[in-house]
Amino acid sequence: MTDGVELNTRAIEETVVTDFSDRMSYGGYLDLETLLSAQRPLSSPEHHDELLFIVQHQTTELWLKLVLHELSAACGHLRNDRLAPALKCIARVKHIQRTLTEQWSVLATLTPTEYSQFRGVLGNSSGFQSAQYRAVEFTLGNKNAAMLKVFQGDPVALELLTGALEAPSLYDEFLRHLARAGYAVPHTVLDRDVTQAWVFTPELVPVLSDIYAATEANWEAYETCEELVDLEDNFQLWRFRHLKTIERIIGMKVGTGGSSGVPFLRRALELTFFPELYAVRTEIGR
């Protein structure tokens with residue numbers, strides 16, 4: 001109390017470290033000097049909303065880095081038949097997906113008028129050129145070798161995508177795990193060219209039908225199937241929110257990267273990662 005007025009402050013406890021002349025600090029550990037200096041708007045004079053646009057996309061790239069980290073670990077666990085830790089990684093990815101989807105609501109506060117005032121400084125840069133996003137798609141099975149040409153001038157990105165293209169997808173690893181566990185996964189699935197996009201394989205549906213028909217006896221496989229469906233649902237929700245946010249901000253304009261914009265994004269909603277896990281639902285209870 002001072003003159004009858006209570007100070008609205010919190011005293012620093014004596015044990016709190018305040019001297020970082022020879023200690024690791026929060027900012028030092030996170031390299032905040034580098035991180036927080038990476039937002040460099042190009043509009044002149046600087047447009048107020050360009051910072052929002054940059055932060056939105058940079059944070060998305062950080063989350064995608066973690067998604068790739070977790071999916072890579074999940075693939076490794078499945079490869080070694082460690083289902084429980086694989087599911088933990090997938091669960092974390094699901095939470096990240098929800099965060100990424102919610103982020104679109106922040107960008108949606110950018111009006112068409114505001115965006116048009118700095119859109120020109122983007123040149124041909126576009127989210128289409130996100131190597132990490134493409135690597136996530138590749139890891140989940142939507143592979144497309146033609147995408148590599150977009151990254152010919154970026155050796156690091158090209159290496160990332162080439163590795164994801166040539167490696168078995170998360171679904172490939174799960175199906176190989178099922179085969180090792182005694183399930184009758186067709187040899188055409190196990191021996192397929194993993195550099196190709198996954199396509200619907202009718203012969204796999206009866207295998208999954210048996211799992212769903214006896215969930216207690218096949219609980220681990222059944223649970224993993226449902227976790228994969230969650231992943232796909234979340235990814236499609238992200239794609240849809242992306243589409244609607246872009247439609248809200250630029251309407252039917254051509255994208256900065258040269259795509260048709262909204263129509264191009266709408267076609268992405270037709271892509272699927274695990275089609276048999278949806279097809280099996282038609283068979284259950286017949």
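A cavity, as the word is used here, is a set of grid points where a 1.4 Å probe fits but cannot get out. In this predicted model, there is one such space of 30 Å³ or more. The largest cavity comes out at about 120 Å³. Its lining is made up of Leu64, Val67, Leu71, Val93, Gln97, Leu100, Tyr133, Val136, Leu140, Asn234, Phe235 and Trp238. Helices α3, α4 (83-107), α6 and α11 each put two or more residues into that lining. Sorted by class, the lining of the largest cavity has 10 nonpolar residues, two polar ones and no charged ones.

Next come the pockets, which are open sets rather than enclosed ones. The second largest pocket has a volume of about 260 Å³. It is lined by 15 residues, and those closest to its centre are Leu68, Ser72, Thr139, Leu160 and Ala164. Three elements, α3 (50-79), α6 and α7, supply two or more lining residues each. Helix α3 gives the largest share, six residues. This lining is a mix of eight nonpolar, four polar and three charged residues.

Helix α3, then, turns up in the lining of the cavity and in that of the pocket. How far apart are the end C-alpha atoms of α3? They are 43 Å apart, which agrees with the 44 Å that its 30 residues should span at 1.5 Å a residue. Just after α3 sits Asp81, with a positive phi near 60°.

Two helix pairs round out the picture. Helix α6 (residues 131-140) and helix α7 (residues 155-166) have axes that come within 9 Å and cross at roughly 10°. That angle makes the two helices roughly parallel, because anything under 35 degrees counts as such. On the α6 side, the contact involves Ala131, Gln132, Arg134, Ala135, Phe138 and Thr139, while α7 brings in Ala157, Leu160, Leu161, Ala164 and Leu165. Eight of these residues are nonpolar, two are polar and one is charged. Thr139, Leu160 and Ala164 of this contact are also among the residues closest to the centre of the second largest pocket.

The other pair is helix α8 (residues 170-180) and helix α11 (residues 219-250), whose axes lie 12 Å apart at an angle of about 170°. These helices are therefore roughly antiparallel to each other. Here Leu170, Tyr171, Phe174 and Leu178 of α8 meet Ala221, Thr224, Cys225, Leu228 and Leu231 of α11. The contact of α8 with α11 has eight nonpolar residues, one polar residue and no charged ones.

Methods:
Residues are numbered from 1 along each chain as its sequence is written. This is a predicted model: local features need pLDDT of at least 70, side-chain atom pairs count only at pLDDT 80 or more; totals for chains, interfaces and linings use all residues. Side-chain values use heavy atoms; hydrogens and water are left out. Axes are lines fitted to C-alpha atoms, for helices over the stretch in contact, and angles run from 0 to 180 degrees between N-to-C directions. Helices (H or I, at least four residues) and strands (E, at least two) are DSSP runs, numbered from the N terminus. Angles under 35 degrees count as roughly parallel, over 145 as roughly antiparallel, 65 to 115 as roughly perpendicular and the rest as oblique. Contact means heavy atoms within 4.5 Å. Ala, Val, Leu, Ile, Met, Phe, Trp, Tyr, Cys and Pro count as nonpolar, Asp, Glu, Lys and Arg as charged, and the others, Gly among them, as polar. On a 1 Å grid over the protein atoms alone, a cavity is a set of points where a 1.4 Å probe fits but cannot get out, and a pocket is an open set with protein on both sides within 12 Å along at least five of seven lines; lining residues have an atom within 4 Å of a point. Grid points are joined across faces, edges and corners, and a volume is the space filled by probe spheres set on the points. The expected span of a helix is 1.5 Å times one less than its number of residues.
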